[in-house]
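Colleague: I'm new to this one, so could you walk me through some strands and helices?

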Amino acid sequence: MEGQNKSITFDGREIRLTTGLYAPQANGSVMIECGDTSLLVTATKTAKKEPADFLPLICDYEEKLYAAGRIPGGFMRREGRPPERATLISRLIDRPMRPLFPSWMRDEIQIVASCLSLDERVPADVLAVTGASIATLLGEIPFFGPMAAVRVGLLGDDFILNPSYREIEKGDLDIVIAGSPDGIVMIEAGANQLSEQDTIEAIDFGYEAVTELIKAQEELLKELGIKQVKPSEPEEEKTLATYLEKNCSKPIDLVLKKFDQSKEERDLELDKIKIDLQSKIDSLEDNNKVKILTSENDKLLHSDFKKLTKKLMRSQIINDGKRVDGRDLDEVRKISAAVSILPKRVHGSALFQRGLTQVLSTTTLGTPSDAQEMDDLNPSTEKTYLHHYNFPPYSVGETRPMRTPGRREIGHGALAERAIIPVLPGKETFPYVLRVVSEVLSSNGSTSMGSVCGSSLSLLDAGVPLKAPVSGTAMGLIKEGKEVRILTDIQGIEDFLGDMDFKVAGTEKGITALQMDMKITGLSVSIISDAIKKARPARLHILEKMQEAIEKPQESLSPHAPRLLSFRIDPELIGTVIGPGGRTIKGITERTNTKIDIEDGGIVTIASHDGAAAEEAQKIIEGLTRKVHEGEIFSGVVTRIIPIGAFVEILPGKEGMVHISQLSEARVERVEDVVRQGDEVSVRVREIDSRGRINLTLRGVAQNGGMSYPEPTPTPVAPLN
């Protein structure tokens, strides 16, 4: 078996492509490799099985744990349902590919990217996106490509291309840019409150690199003698579309210009026009009816009606500068926000509403053991901040079975999660595991950004000391030829019938997350720059409304939230706290009724619903790990009596022994003649033997108000940074 190989030198790295060897029955396939990361990407097209008014495109990313030399966990010991990260990469492939297929195509297309080997220095996701384009081109599937994707990071003041996982964690920016010859088609970003200008420069920097990968794909096709299929729309009868335009344009236009009507009223009126249209067609003579409908069915009637509505709405925005609800292009819908919506058994809650979009967000404070363990190829082994997004059918006035979260829910939750992470406090100062759930109660555009706003409010209501609140808005676009209109705070119909959905989230200081999806084949950096700049005043306006509901974190946590104390001990003393077989730490938890977690670095976290109990556990652990020095004097309690002496607890959890000869200057026959169990005595550390045992003495130490000794200066516990 032999294939054809090609190497692309890109930013000092070699990307290796192997074609014509793997998966010979797929339309197109490529093994794309960089470093030790290897992905097999295939593209397959089959004829449509049934009439549809959309492109049945499926993009799947598979993670095989053998790629990192690991065996899956669980009872079955094999890969099961895709982890969340794999789902997000599947979406990352789908979003830039979908707008580059012809709008009229109805054949079933499936892109499968399988990660077969993973190098931690080379993340697989952007390779998978570029590989999807190459496989599609090799399969000679109609496609407005080539398309490629790169990741841009920011370390210090320097942008870097395709950073490693470690560099992503260290940097202030993680942005993926995908583009075609016509411009940028997709952006996905998380940032540490980065300024608008720096973000725009990163996008420009990334698109320059994308163009290099596009040229390399064109050269590959030329070398292989493959001619790219340039899509052209098939000639079809337009009789139905012509009939619709003649009979429905005026009534649809009148509906779209009723600016004071609600979404429900507008939808009902448009449905009525469609029903009247169907009645008119049904009342025609058979010959005329056949002439209008020919081979077209109800789905096509719905599709052509939608196209006409889209055309009229876009024309109204381009020519009149007015939207269907009467707003100006840069106007934000009415906003309301409230916190503490639910009883404090829910640790934090908030209700955020913008127009008809309404989101209820809740925050739950958990202990370190509540962190989510990750069983995927990502080097990170756990998550301590989780954002879950739910989109029930009633939020859009529909009925359907309630199932597990789909790709959309997972993607929107991940976007809101990414927007909030940069402003979360460090676990040293606020060691809670946080879970936010956003319940979409009503949807009419930009529920993900509503979730970002609701999350900020509920976190503050729960007492989480955020570095700054985060708000978000969705920007839209109408592009007709050279005419371009950017819309602020798009609603459902503008998202559905527009050309762009560009979500921008951030604080007053800068951007924390971006997500841009296109329905056209590309946009210039200058138009994207304009959209980012116009999003800022909208975000700040929304922030003002949010701060009217709550300005700063609640001073006290919910009485039903766990109390956590976090401090650091010497990592070498972790074994002392745990004890043989875990007996010591188990004894502390049973004695204080607390939950204790110790990290390898020496950070101890104590969880309890009783603050006093948590403090007692902390004192015990600090006592166990505090270094005792010879000559120090302690006031302690006699805990045990044995024939040769008495044990005294000088620090919580730490005992020393007073030998019978050290109980008094005079000879002592029985230990009980001097001290009894439960007595409080002052003792001095006489010596610490080679086994670490503490030997104490009462000799020369004043008792019961005699000669006083200064309190020993405690050895300080290392501060948390």
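Modeller: Sure, let's start with strand S22, which joins strand S24 (residues 603-608) antiparallel through six bridges. Strands here are DSSP runs of E of at least two residues and helices are runs of H or I of at least four, numbered from the N terminus; two strands pair if DSSP finds at least two bridges between them. This is a predicted model, where local features need pLDDT of at least 70 and side-chain atom pairs count only at pLDDT 80 or more, while totals for chains, interfaces and linings use all residues. Residues are numbered from 1 along each chain as its sequence is written, and side-chain values use heavy atoms, with hydrogens and water left out.

Colleague: Which residue in S24 is the bridge partner of leucine 565?

Modeller: S22 and S24 run antiparallel. Across that pairing, the partner of leucine 565 is isoleucine 606.

Colleague: And in what order do the strands of that open sheet come?

Modeller: The edges are S22 (563-568) and S23 (595-598), each pairing on one side only. The pairing is antiparallel, and the order of the three strands is S22-S24-S23.

Colleague: Moving on, is strand S10 largely enclosed or not, and why?

Modeller: Strand S9 (residues 173-180) runs antiparallel to S10, with eight bridges between them, and a hairpin of two residues links S9 to S10. S10 also has six antiparallel bridges to strand S21 (residues 511-518). Buried means under 20% relative accessible area, against over 50% for exposed and in between for partly exposed (1.4 Å probe, protein chains only). Because 11 of the 12 residues of S10 (residues 183-194) are buried, the rest of the structure leaves this strand largely enclosed.

Colleague: Which residue of S21 does isoleucine 187 stand opposite?

Modeller: S10 and S21 are antiparallel. The residue opposite isoleucine 187 is methionine 516.

Colleague: How are helices H14 and H15 oriented to each other, and why?

Modeller: The axes of H14 (residues 583-592) and H15 (residues 611-625) come within 9 Å and cross at roughly 155°. Axes are lines fitted to C-alpha atoms, for helices over the stretch in contact, with angles from 0 to 180 degrees between N-to-C directions. Angles under 35 degrees count as roughly parallel, over 145 as roughly antiparallel, 65 to 115 as roughly perpendicular and the rest as oblique. H14 and H15 are therefore roughly antiparallel.

Colleague: Last one: which residue in S6 stands opposite serine 38?

Modeller: Strand S4 (residues 37-46) is joined to S6 (residues 108-117) by nine antiparallel bridges. Opposite serine 38 in S6 is serine 117.
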